[in-house]
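Please look over the sequence and the structure shown below before reading on. The report is meant to be read alongside them.

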Amino acid sequence: MLLPVKRSFAIAFLCTSFAIGRPATFAADDWQIIKVNGHDYLSVDNISRFYGLPAGVAAAGDKIRSETVSPLEFVSGSREAMINGARSWLCFPLVEQDGKYLVSRTDVAKTIEPLVRPHRVPAVGKVETVVLDPGHGGYDKGQVSRLGYEKDFALDVARKVRPILQAKGLRVIMTREGDYFVPLEVRAQIANAAHNPIFVSIHFNGTNDDPNATGFEIFSFTPRGAPSTSDSVARLSSFSMQPGSGVDAQSMALSACIYHSVLGHIPEYDRGIKRARFAVLRLTKVPAVLIEGGFLTERGESKLISNEDWRGKLAGAIGVGIENYRTLGVKKQPPMLVADYRKQTKSAPIEAALPEGQLKEADSSLMNLVGKSKFLPPQQASTPSKRLSLESAPIVP
């Protein structure tokens with residue numbers, strides 16, 4: 001049930017593309033800051049007027065429908081939101097005060113703005129090098145299904161993405177070329193040393209809690225002073241000044257471009273655009289995202305992931321999203337959204353991955369960059385716990 005905060009808008013407006021233009025009559029001093037326990041919030045109505053977009057709030061406990069037509073949908077008391085047709089997760093829950101529904105100022109700046117107007121993010125789209133990071137490798141198998149290992153599927157998707165990007169004139173660096181483990185800090189070091197780079201880490205999901213869990217999700221680094229999406233409760237300690245990133249807005253814009261493309265081309269469940277402090281996101285100093293391309297612990301999705309043609313389709317969707325990110329700074333226009341892709345793909349199937357021939361087992365240029373000693377042979381390393389290679393170490397403020 002939608003609560004009565006949705007403003008009345010002309011049907012003709014809803015039938016147009018959800019333009020991301022700010023009304024000229026809305027001045028900066030029209031922002032009305034509301035204090036809640038000493039922290040800044042803005043009303044949903046205020047946000048709706050600023051962007052010129054209809055917004056709605058569902059009752060606490062309700063689920064937002066993926067087919068909702070409103071470009072801004074929130075849930076009372078929840079961090080869940082739908083922004084331009086993709087599920088997104090706020091840093092802090094929506095709160096109600098004096099009959100108004102309020103969004104944290106952090107989320108307006110760090111979540112809503114780069115998702116609604118990614119083309120307005122400073123320095124967005126300045127990319128010449130894409131660092132593709134196939135997760136895990138060597139002794140670290142990642143998630144396991146009866147049909148294969150996460151490390152192998154992730155490497156295959158990265159190999160399929162590479163020629164698509166190269167055909168667009170982008171330089172592509174792989175953090176690993178074969179079945180060996182690359183330390184997480186080395187993966188970040190490779191990205192940080194590249195020229196005008198973005199970092200895209202490719203993974204597949206798994207869980208012991210729900211064998212029926214499915215769907216895509218994408219992560220960028222958690223903003224300074226905010227909880228990650230997986231934190232179940234936004235306690236006061238979440239406001240502590242944990243380290244952030246100077247490129248978190250670019251990373252969120254990159255998340256939006258890739259995620260809308262993936263959802264638009266492949267009809268899997270939408271788990272959302274999320275935040276995390278995974279080591280590869282924390283250690284990179286460039287726009288960076290981590291893609292979870294489905295669950296190897298769910299029988300049907302595991303079969304899809306094990307299918308090479310399906311992985312080629314996923315690679316193609318990732319490549320389209322990266323290219324759309326690059327064009328943000330050139331076109332100065334919003335990227336395509338989920339609905340746009342779905343209309344387009346009804347008549348024109350996504351471009352297949354290009355063949356690239358025999359690959360070398362290791363990239364000597366990477367070894368020269370970071371030092372051969374950084375690439376530890378599997379037999380020299382002890383087997384870590386299942387998720388240790390992905391999760392970040394404790395962060396010291």
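The sections below take up confidence, cysteines, salt bridges, one helix and two loop residues.

## Confidence of the model

The structure is a predicted model, and the mean pLDDT of the protein is 83, with 75% of its residues reaching 70 or more. Two stretches fall below a pLDDT of 50, and each should be read with that in mind: residues 6-26, which have 39 contacts in the model beyond near neighbours in sequence, and residues 378-397, for which the corresponding number of contacts is 36.

## Cysteines

The structure holds zero disulfides. Among the residues that may interest a reader here, C91 is buried at a relative accessible area of 1%, and C257 is likewise buried, with a value of 0%.

## Salt bridges between distant parts of the chain

Side chains of opposite charge can pair when their charged atoms come close. The count for this structure comes to 14 salt bridges, and one of them joins the side chains of K110 and D248, with a nitrogen-to-oxygen distance of 3.3 Å. Because K110 belongs to helix α3 (residues 105-116) and D248 to helix α6 (residues 248-265), this pair ties together parts of the chain that are 138 residues apart in sequence. The two partners differ in their exposure, since K110 has a relative accessibility of 31% and counts as partly exposed, whereas D248, at 7%, counts as buried.

A salt bridge also forms between D133 and R187, whose closest N and O atoms are 2.8 Å apart. This pair links strand β10 (residues 129-134), which holds D133, to helix α5 (residues 184-193), which holds R187, across 54 residues of sequence, and both D133 and R187 are buried. In a further case the side chains of E217 and K274 meet at 2.7 Å, N to O; E217 lies in strand β15 (residues 216-221) and K274 in strand β16 (residues 270-276), 57 residues apart. Both E217 and K274 are buried. Apart from these pairs, D156, K160, E308 and R311 are linked in a network of salt bridges.

## Helix α8 and its surroundings

In helix α8 (residues 299-306), the buried residues are E301, S302 and I305. Because they cover an arc of only 105° around the axis, they lie on the same side of α8. The elements against which these buried residues pack are the strands β11 (144-145), β14 (197-205) and β17 (288-295), together with the helices α4 (150-167) and α9 (308-331).

The N-terminal end of α8 is capped by E298, which places a side-chain oxygen 3.0 Å from the backbone nitrogen of G300.

## Two loop residues with positive phi

Which is H136, buried or exposed? H136 is found in the loop between β10 and β11, and its phi is near 65°, a positive value in a residue other than glycine. With a relative accessibility of 2%, H136 counts as buried, because the cut-off for that class is under 20%.

K332, which is found in the loop between α9 and α10 (338-345), also has a positive phi, near 55°, although K332 is a residue other than glycine. Its relative accessible area is 54%, so K332 is classed as exposed, a class that begins over 50%.

Terms used:
Residues are numbered from 1 along each chain as its sequence is written. This is a predicted model: local features need pLDDT of at least 70, side-chain atom pairs count only at pLDDT 80 or more; totals for chains, interfaces and linings use all residues. Side-chain values use heavy atoms; hydrogens and water are left out. pLDDT is the predictor's confidence in each residue, from 0 to 100. Contact means heavy atoms within 4.5 Å. A disulfide is a pair of cysteine sulfur atoms within 2.5 Å. Buried means under 20% relative accessible area, exposed over 50%, partly exposed in between (1.4 Å probe, protein chains only). A salt bridge is a side-chain nitrogen of Lys or Arg within 4 Å of a carboxyl oxygen of Asp or Glu. Helices (H or I, at least four residues) and strands (E, at least two) are DSSP runs, numbered from the N terminus. The arc is that of the directions from the helix axis to the C-beta atoms. A polar contact is a pair of N or O atoms within 3.5 Å; within protein, one must be able to donate a hydrogen and the other to accept it, and residues adjacent in sequence count only if both atoms are side-chain atoms.
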